[in-house]
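Thanks for coming, everyone. Please have a look at the structure on the screen, and then we will walk through it helix by helix.

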Amino acid sequence: MVNSPKILAFAGSAKETSYNKKLVQIAAAGAKTAGAEVTYIDLRDFPMPLFDEDLEAQQGIPVAVREFKDLMLAHQGLLIACPEYNSSITPLLKNAIDWASRPEPNLPGLACFNNKIAAIMSASPGGFGGMRGLVHVRAILESIGVLVIPQQRSISQVFEAFNPDGNLKDPKQQQDVESLGAKVTSLLIKFSA
């Protein structure tokens, strides 16, 4: 495919052994199989300070934020795995979204999000699989211009759900998560035609 859609994939977790990082990479594999060019990043590699308008006014956009925003701007789709903290979004993910939403000269504030197509997913040790946090992530993304596909996946009991190779033990769950990436890819292809 000459014009493969570009999708950015990441998890809202800094934990090195995060199950959500494994989960989003499964979705990324589904997107690649469907014809997308996928860039997987680890938010640990983009150490953004806590969002602070005074810091922004005094020092401008931090280097790590600039790098993250450039990646956001270069991709049409998003795959985001969202750990659940106290039934909501993680501070790391919220901070990244808040920084990426900041306006700059010749760049509207929501340029990193407008007209993006995204899939969200979660993995959690609990019985709900992180689905309560997905409600908040969906609301945030949709309010800033992202089309979040209706399909989402929550994987519960993560300590028992994954194989050592990072794939899911349940073939149906594996297929469902891969299909999130494939769905985002197919929509991006349709909208670019």
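Right after helix 5 comes Gly145, and its phi is positive, near 100°. Keep in mind that this is a predicted model.

Now back up into helix 5 itself. Helix 5 covers residues 131-143. Does its length fit? The right way to put that is: how far apart are the end C-alpha atoms of helix 5? They are 19 Å apart. At 1.5 Å a residue, the 13 residues should span 18 Å, so the two values agree.

Which residues of helix 5 are buried? Gly133, Leu134, Val137, Arg138, Ile140 and Leu141. They cover an arc of only 165° around the axis, so they sit on the same side of helix 5. Here is the general rule behind that kind of pattern. An α-helix has 3.6 residues a turn, so residues three or four places apart point the same way. On the other side of helix 5, Val135 and Ser143 are exposed.

What covers the buried residues of helix 5? The cover includes strand 3, residues 77-81, and helix 4. It also includes strand 4 at 117-123, strand 5 at 147-148 and strand 6 at 153-155.

Next, helix 3. Helix 3 has twelve residues. From first C-alpha to last, helix 3 reaches 17 Å, close to the 16 Å expected at 1.5 Å a residue. Its buried residues are Ala64, Val65, Phe68, Lys69 and Met72. Their arc around the axis is only 130°, which puts them on the same side of helix 3. They pack against strand 1, strand 3 and helix 4.

Let's stay with that last partner. Helix 3 is residues 63-74, and helix 4 is residues 91-100. Their axes come within 10 Å and cross at roughly 80°. Angles of 65 to 115 degrees count as roughly perpendicular. Helix 3 and helix 4 are therefore roughly perpendicular to each other.

Which residues meet there? From helix 3, Val65, Phe68 and Lys69. From helix 4, Ala96, Trp99 and Ala100. By class, this contact has five nonpolar residues, no polar ones and one charged. Val65, Phe68 and Lys69 also appear among the buried residues of helix 3.

On to helix 1, residues 19-33. Helix 1 has 15 residues. It reaches 22 Å from its first C-alpha to its last, close to the 21 Å expected at 1.5 Å a residue. The buried list here is Asn20, Lys21, Leu23, Val24, Ile26, Ala27, Ala28, Gly30 and Ala31. Their cover includes strand 1 at 6-11, strand 2 at 37-40, strand 3, strand 4, strand 6 and helix 7.

Buried, partly exposed or exposed: which is Ala29? Ala29 is in helix 1. With a relative accessible area of 34%, Ala29 is partly exposed. Here is a distance to remember. Ala29 and Glu53 are 24 residues apart in sequence, and 37 Å apart in space, C-alpha to C-alpha.

Now take a pair set apart along the chain. Glu178 lies in helix 7, residues 171-192. Glu178 and Ala28 are 150 residues apart along the chain, yet their C-alpha atoms are separated by 7.1 Å. What does Glu178 touch, leaving aside its neighbours within four places in sequence? Ile26, Ala27, Gly30 and Ala31. Those four are among the buried residues of helix 1. Glu178 itself counts as partly exposed, at 30% relative accessibility.

Helix 7 also holds Lys183. Lys183 is partly exposed too, with a relative accessible area of 32%. Neighbours within four places in sequence aside, Lys183 is in contact with Ile149 and Gln151. The C-alpha atoms of Lys183 and Asn115 are separated by 16 Å, with their positions 68 residues apart along the chain.

That brings us to Asn115, and back to phi. Most residues other than glycine have a negative phi. Asn115 is not a glycine, although its phi is positive, about 65°. Where is Asn115? In the loop between helix 4 and strand 4. Asn115 is exposed, with a relative accessible area of 71%.

Gln157 is another case: phi is near 50°, positive, in a residue other than glycine. Gln157 lies in the loop between strand 6 and helix 6, the latter at 158-161. Its relative accessible area is 38%, so Gln157 is partly exposed.

Notes. Residues numbered from 1 in each chain as written. Predicted model: local features only at pLDDT ≥ 70, side-chain atom pairs only at ≥ 80, totals over all residues. Heavy atoms only, no water. Axes fitted to C-alpha atoms, helices over the stretch in contact; angles between N-to-C directions. Helix = DSSP H or I, 4+ residues; strand = E, 2+ residues; numbered from the N terminus. Parallel < 35°, antiparallel > 145°, perpendicular 65-115°, else oblique. Contact = heavy atoms within 4.5 Å. Nonpolar A, V, L, I, M, F, W, Y, C, P; charged D, E, K, R; others polar. Expected span 1.5 Å × (residues − 1). Buried < 20%, exposed > 50% of the residue type's maximum accessible area, 1.4 Å probe, protein only. Arc of directions from axis to C-beta.
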